[in-house]
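Biologist: Please walk me through this one, and keep it relaxed. I'll throw questions at you, and you show me how you get to each answer.

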Amino acid sequence: MSSQDIPEENLPAERDHAHGAVGVADEKNPFADPGLPPHEHRIQDIDERAAKRSERAVAFLFTLSMLATVGFIASYVAIPHDKSVFIFPLGHISALNFALGMTLGAALFCIGAGAVHWARTLMSDVEIADERHPISAEPEVKAKVMADFRDGARESALGRRKLIRNTMFGALALFPLSGVVLLRDLGPLPEDKLRHTLWAKGKLLVNMNTNEPLRPSDVAVGSLTFAKPEGLEEHDHEFQTEIAKAALMIVRIQPDNIKDKRELEWSHEGIVAYSKICTHVGCPISLYEQQTHHVLCPCHQSTFDLSDGARVIFGPAGHALPQLRIGVNDEGYLEALGDFEEPVGPAFWERG
Amino acid sequence: MSNKDDRRKAPAGERVADWADGRLGIYSLAKANMRKIFPDHWSFMLGEICLYSFIIIILTGVYLTLFFHPSMNEVEYHGSYVPLQGQLMSEAFNSTMHISFDVRGGLLIRQIHHWAAVIFLAGMFVHMMRVFFTGAFRKPREINWLFGFLLFVLGMFTGFTGYSLPDDLLSGTGVRFTQGAILSVPIVGTYISMFLFGGEFPGGDFVARFYSIHILLLPGIMLGLVVGHLILVFYHKHTQFAGPGRTNKNVVGMPLLPVYMAKAGGFFFLVFGAIAAISGIASINPIWVLGPYRPDQVSTGAQPDWYMGFAEGLIRAMPGWEINIWGHTLVMGVFVPLVLFGVFLGMIAVYPFIESWVTGDKREHHILDRPRNAPTRTAFGVAWVTGYMIMLIGGGNDIFATHFHLSINAVTWFVRIGFFAGPVIAFVVTKRICLGLQRRDKEKVLHGRETGTIKRLPHGEFIEVHEPLSQEALYTLTSHEQYAPAEIGPTVDENGVERKVKRGEKVRVKLSKAYYGEESQIPKPTVEEYKEITSGHGHH
């Protein structure tokens, strides 16, 4: 007995009362199937006036639909596409979009409502029973198919001529490799691309908003400044890809309040620069709480403490934000003292 | 047989049909299907909503391709929306702005497309719940259940690749999230990311690549699956609920021509009309408010479309564990949610096969279960939905925190604990409710319906009059099947040789006891019980 077979008595009894076979209450079995109940007439079936009313209702709905389509075309032609209109409680919305939506909606909905009303009130609602037939084939059919298959298989001699069979399988298994190889040029190999950003020794920190190099005096306590490396401009071809790694956030913290020793060393007069890209899945972090020096990623709420090496204090991020070592050049501008020492953004297998 | 005169007499429609029949054999096809019977129940229209919204999506999607430019080349905006004048943006965003502001009716079609997608996914979710809770996935419909499951999953990814196309700030953030999740895959993560994006994120390729996936690859597969799904619905004939005259060997309802052609055809227009009206009223994905994507910018309250919300919840709730060994990083905090995403959805696909293995039932089932009569299955379903909903809450934890003035940490912890506790509680509670409803049915069958009529007996006692149920009601309430729990057969055969009980069989028997044991179903009333009570004088 296989684990799939279970004794017949464990299966519930099969229900096979044919439709209408037990038409009257059964004295022996009060739970027997009484068969389909008799059809109950609707008012439209017996009163021609009610049927006429239904007919008029359906025709009315179809007519409404026609009018709505005319309204749609009229709106399309007549309403300027930049006109806005105040509609309570929606507020100011595009007049054209509203008019087109309502007329198209009405035109379609009335066709549907008419058809459904027609079906429900005027078409026959007498229930009909159809027989079902088992899906599995009769044994004779199965036997015929198996015999045919054996004949075909024997005539192909696939089982006997093993050389043909094996080389065919080999050829069929190998040819999709060409397709796989063709996918190779979808992109470059990762190599160490995720480890480097545009930041390098001597690159100035440029304010993202003003496009001016930053001086220490530009960074006030309690403010959050976003910066990019000098030389990266919005019109550059690679701007999006480079800023996705190089985006920087800069805050000033009283040096006494910086708890992490390395953070203090890499800062300048309490000015610290961290990667803006969250180490969880790469959203840009943008919410800063000045009192606690916590920053929060608005996507998944990872929270980092910028006064303590940007370690994770809440949320799904797995490691601290990378810090950029900064200093001041001879002209008094903030500059990077090298690239990030670890990859920015989400963690990956080769990150280590 | 037919001479020239006869042919001239036949009406034009018949002549066209004759012509087609000679080439396509349409009369044989129509003989089997024109008056095909469909049973009536409100829940059977849920699948129709999915089908119709799918058609609407294809129609509107084709229109949108006439105007959309799937390119990430940077251009300056000079359209009619003033606030974004002169801003740098991709051609994808620019052309979506053009559709929304400068093509008359373009915004409406865009919104119909997006609303229909949201409704399509919601429709599939609810339709699958209907099929699950009524046991409509049982033999012979397991393959159609898998088709439906694939449609749901492919629908999610088609939706995702679709809403990523405008290259706006919100969708770009979603793409970044996906890229971060891909990076977490051990060994091959960085390679997949480089190959998918044609280099580092975001690069200049993904819109064009997502475009061909969104408009060709996935919808093509889905169209095939939809056609297969419908062919199987026709071939199997629709399931029906138990009732007088409705057996496992018939299907009772009304014919395709004319009733269901009118009802289903009309329903297409109802769905389309409703979506068009919604799209005229309610704005969806207003990309002009969000602006073009920049990888260093983000807005608060970033949410995916609802059907991706539970994936979002998984990734928000998971603690950020990272394992660093031998110079490699296993990003548990992201990779575990990615795996759970697949496992959680995969459960839907395998359930019918688990249940049929437990029951060992190889018969065809065309009569639907009432959910209460399959308490363990119903409890599993509700537990799954509970887990899903808790993750959906997790995906919007920031929204819940700001709207209900809760701490984000508290919401996140609720989700973390709820993901494990919620389904267990839901399972137990659902099973109790099902058993309670079974007892109520039994009570009704044996003692009749409570009429609310209070009668005073001669000796002063007050009783409520119970009215016996009609035979139709008795049949409906007692016709369901009840399995007996499986047993491990004799471990010694007739010759006294000990039989080894396989581990699989032991598991199956245990599961079967959990499904159909004493604690899991109330034995339905028997004819003897009924007769004993109804014939006794104590009946009231």
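Biologist: Over residues 58-79 of chain A, how far apart are the end C-alpha atoms?
Modeller: Bear in mind that this is a predicted model, where local features need pLDDT of at least 70, side-chain atom pairs count only at pLDDT 80 or more, and totals for chains, interfaces and linings use all residues. Residues are numbered from 1 along each chain as its sequence is written, with chains lettered from A and ligands numbered from 1 in the order in which they are written. The stretch is 95% helix and 0% strand, going by DSSP runs numbered from the N terminus (H or I, at least four residues, for a helix; E, at least two, for a strand). Its end C-alpha atoms are apart by 31 Å.

Biologist: And which feature does UniProt place at residues 58-79, 99-119 and 163-183 of chain A?
Modeller: Take residues 163-183 of chain A: 90% helix, 0% strand, and 32 Å between the end C-alpha atoms. The label itself comes from an unreviewed UniProt entry; positions are in the numbering used here, feature names are shortened, and annotations may be inferred rather than shown by experiment. The entry calls all three stretches "transmembrane region".

Biologist: Which helix gives the most to the largest nonpolar core?
Modeller: A nonpolar core here is a set of buried Ala, Val, Leu, Ile, Met, Phe, Trp, Tyr and Cys residues joined through C-beta atoms within 7 Å. Buried means 20 or more other C-beta atoms within 10 Å of a residue's own, exposed means 12 or fewer, and partly exposed is in between, with C-beta atoms placed from the backbone. The largest core has 166 residues, and those with the most contacts inside it include Leu205(A), Ile250(A), Phe120(B) and Phe272(B). Giving 16 residues (the most from any one element) is helix H3 (residues 95-121) of chain A.

Biologist: How many residues does the other core have, the one with Phe380(B)?
Modeller: That core lies apart from the largest one. Among its members are Ala379(B), Phe380(B), Ala426(B) and Cys434(B). The count is 6 residues.

Biologist: How many residues does chain B put into the contact with chain A?
Modeller: Two residues are in contact if their C-beta atoms, placed from the backbone, lie within 7 Å. Chain A brings 96 residues. On the side of chain B, the number is 108.

Biologist: Which element has the largest share of the side of chain A that touches chain B?
Modeller: Elements giving two or more residues to that side are H3, strand S3 (128-131), helix H7 (239-246) and strand S11 (311-314) of chain A. The residues there divide into 54 nonpolar, 26 polar and 16 charged; Ala, Val, Leu, Ile, Met, Phe, Trp, Tyr, Cys and Pro count as nonpolar, Asp, Glu, Lys and Arg as charged, and the others, Gly among them, as polar. With 18 residues, the largest share comes from H3(A).

Biologist: Which residue stands opposite Asp130(A)?
Modeller: Two strands pair if DSSP finds at least two bridges between them. S3(A) and strand S5 (residues 250-255) of chain B are joined by 4 bridges and run antiparallel. In S5(B), the residue facing Asp130(A) is Val251(B).

Biologist: Which strands stand at the edges of the open sheet in chain A?
Modeller: The sheet has 4 strands in the order S8-S9-S10-S11, paired antiparallel. An edge strand has a single partner, so one side of it is left without a neighbour in the sheet. That describes S8 (287-289) and S11 of chain A.

Biologist: Where in chain A is Pro89(A), the residue in a cis peptide bond with Phe88(A)?
Modeller: The bond has omega of about 0 degrees. Strands S1 (residues 84-87) and S2 (residues 91-94) of chain A run antiparallel over 4 bridges, and a hairpin of 3 residues joins S1(A) to S2(A). Pro89(A) is in the loop between S1 and S2 of chain A.

Biologist: Is Ala157(A) buried or exposed?
Modeller: Ala157(A) has a positive phi of about 60 degrees without being a glycine, and sits in the loop between helix H4 (139-156) and helix H5 (162-174) of chain A. Just 10 other C-beta atoms lie within 10 Å, so Ala157(A) is exposed.
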